[in-house]
Amino acid sequence: MNILQVHGLAAGYGSIRVLHGLDFEVDEGAIVALLGANGAGKTTTLRALSGTIAARGTIELDGRDVRQASAADRARLGIAHIPQGRGTFVDFTVEENLALGAYAVKSRQQIRDDTQRWYGIFPRLAERRTQLAGSLSGGEQQMLAIARALMARPRILMCDEPSLGLAPAITQDLFALLQRLNREEGMSILLVEQNANLALRIASSAYVLENGGVALRGSAQDLRDNPSIRRAYLGR
Amino acid sequence: MQLFFQQIIEGLSSGAIYAALALALVMIYRATRIVNFAQGEMGTFTVYLAWQLDQWGVPFAFSLIVAGALSFVLGILVFRLTIRPVLSASESTIVNICIGLFIGFEALSLWIWGADTHPFPRLFSDRIWTFWGVRLSASNVGTLATLCVLAAGLILMFRFTRIGLAMRASAAEREKSPLVGIEVETMLMLGWGLAAVFGFIAAVLVAPSLFLSPPMMVAVVIYALAAATLGGWDSPAGAIVGGLLIGVAESLGATYLRFIGSELKVGIPFALMAVVLLVRPQGLFGRTAVIRV
């Protein structure tokens, strides 16, 4: 069963078209990586999916076309987008960030439980619950961004370059966390990542974007073994 | 010394009114980066509504409540009809629209109710207490208490409610807020509605002493602009302190600097503002924008 089915996705900024009819899908419970060079359209794809920018084509979430829905509606329907860089609300405390993440959640009990749960998983966030998100380290902010996104209990989590600006050890922790979320809770993840090595290690399948279109698709295993991919993206 | 304290009380009392209107200005500025010059004129218009209801025999307290509710609707309508379509337009477009609203609302009041001034019922009793020769009227106390209630209400709402948090988020992070399901435009709209209520309250507080007339709030909005600038445009606390300071400076200045006289006293707050801004360009409570790269 596909959780996300995208067909003919076209988008851009003003008169500049970045995506030219993208087709791809994310299976329920899968980690799918979007790979590609700078400017290939990876970030634009996520922005088009979350409704941050306008797009043409169809975007089916659980079989329902959400392309006409506003960004806020899509968030409520279950698309969680962690944008590149600072995915947190920097002028708000850790606690407020989690509350904002749960903005669409009606049940106070669920909000309380989830908050406690995330504090359990990230004790450092619990220690810093009254600090401003902007004062946290890069790794802590990325953890907070993920916790914030998952407070809404989304159907699919979209991460844009989560490793950006992080030390390698912290990036390892982060990817281990994503993998754990996927395995233990069946969270479907769409992962945009420069570091193809890292992404292909946890992804089940991947798409390689080039000039706003899909150049190549396959299982993570196939792509790892593909000689041209190894040359272009894996550096060996 | 009695005169000094007397002037401080009078100053705080009129300063509370400037502060209420400055709060409205700051609320809108934080959310939309727009300085709504027309806030005072919108307030005057809604006070006319209250006055009209009162004239028609509606009980005064009830007239105020109805007009307060109508001002909330008016703020929302003004945002929907005039601001939302140009939200991403250039600054000068928006400034022009606010000037248009300023002139438009004053003209509207003039057209409907004429240029005559009308007495407006007093809001508080006419009791006066005297402490060591300093007179403290119920109106002084009531005005300051109103400001306290407004400020406390704002703090409670922004700190502790879900909608307040969403309004702050929309103001601070217009791009990211939709990603958690916040409809930013709805929040901006609520902000404009709320600001219009604050403008209404400021105008109601002013009306009994200035009398109701279409340009009643012109001087007040100028003081409120000065208060917001003095306190820092992104700080509600600054708006309150700025408003009170300007009220006190105005009344002390007019009393002790006789050569200035009552015609020129409008310049005193601006002299104060100029001096503060020389030292702190971001205002007393404002934050300098720090951009991390």
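The paragraphs below lead from the overall form of chain A to its sheet, then to one strand within that sheet, and finally to the contact with chain B.

The model is a predicted one, and in it chain A holds 10 helices and 10 strands. For 236 residues a compact globule would be expected to have a radius of gyration near 18 Å, and because chain A has 17 Å, its value agrees with that expectation. Taken along the principal axes, the C-alpha atoms of chain A fill a box of roughly 45 × 40 × 35 Å, and 45% of the 236 residues count as buried. Among the contacts in chain A with a separation of 6 or more, 66% are between residues 24 or more positions apart.

Six of the strands of chain A come together in an open sheet, whose order is β6-β7-β8-β3-β9-β10 and whose pairing is mixed. At its edges stand β6 and β10 (213-219) of chain A, each of which pairs on one side only. Neighbouring strands of this sheet are turned against each other by 15 degrees on average, when direction is ignored. Helix α6 (residues 138-150) of chain A packs on the sheet, where it touches β6 and β7 of chain A, and its direction makes about 165 degrees with that of β6(A).

Strand β7 (residues 156-160) of chain A deserves a slower look. On one side, four bridges join β7(A) in parallel to strand β6 (residues 79-82) of chain A; within this pairing Ile79(A) stands opposite Ile156(A), and Ala80(A) has Leu157(A) as its bridge partner. Strand β8 (residues 188-192) of chain A also runs parallel to β7(A), with five bridges joining the two, and here Asp160(A) is partnered by Val192(A). From β7(A) the chain reaches β8(A) by way of helix α7 (residues 168-185) of chain A, in a β-α-β crossover that is right-handed.

How many of the five residues of β7(A) are buried? Five of the five are, so to speak of the strand as mostly covered is justified. In a regular strand the side chains alternate between the two faces of the sheet. In β7(A), Ile156(A), Met158(A) and Asp160(A) lie on one side, Leu157(A) and Cys159(A) lie on the other, and both faces are covered, with all of these residues buried.

Chain B remains to be placed. Its contact with chain A involves 13 residues of chain B and 18 residues of chain A, and on the side of chain B that touches chain A the residues divide into eight nonpolar, one polar and four charged.

Definitions and conventions. Residues are numbered from 1 along each chain as its sequence is written. Chains are lettered from A and ligands numbered from 1 in the order in which they are written. This is a predicted model: local features need pLDDT of at least 70, side-chain atom pairs count only at pLDDT 80 or more; totals for chains, interfaces and linings use all residues. The radius of gyration is taken over C-alpha atoms; the globule rule is 2.2 Å times the number of residues to the power 0.38. A residue is buried if 20 or more other C-beta atoms lie within 10 Å of its own, exposed if 12 or fewer, and partly exposed in between; C-beta atoms are placed from the backbone. Two residues are in contact if their C-beta atoms, placed from the backbone, lie within 7 Å. Ala, Val, Leu, Ile, Met, Phe, Trp, Tyr, Cys and Pro count as nonpolar, Asp, Glu, Lys and Arg as charged, and the others, Gly among them, as polar. Two strands pair if DSSP finds at least two bridges between them. A crossover is right-handed if, with the strands pointing away from the viewer, the path from the first strand over the helix to the second runs clockwise. Axes are lines fitted to C-alpha atoms, for helices over the stretch in contact, and angles run from 0 to 180 degrees between N-to-C directions.
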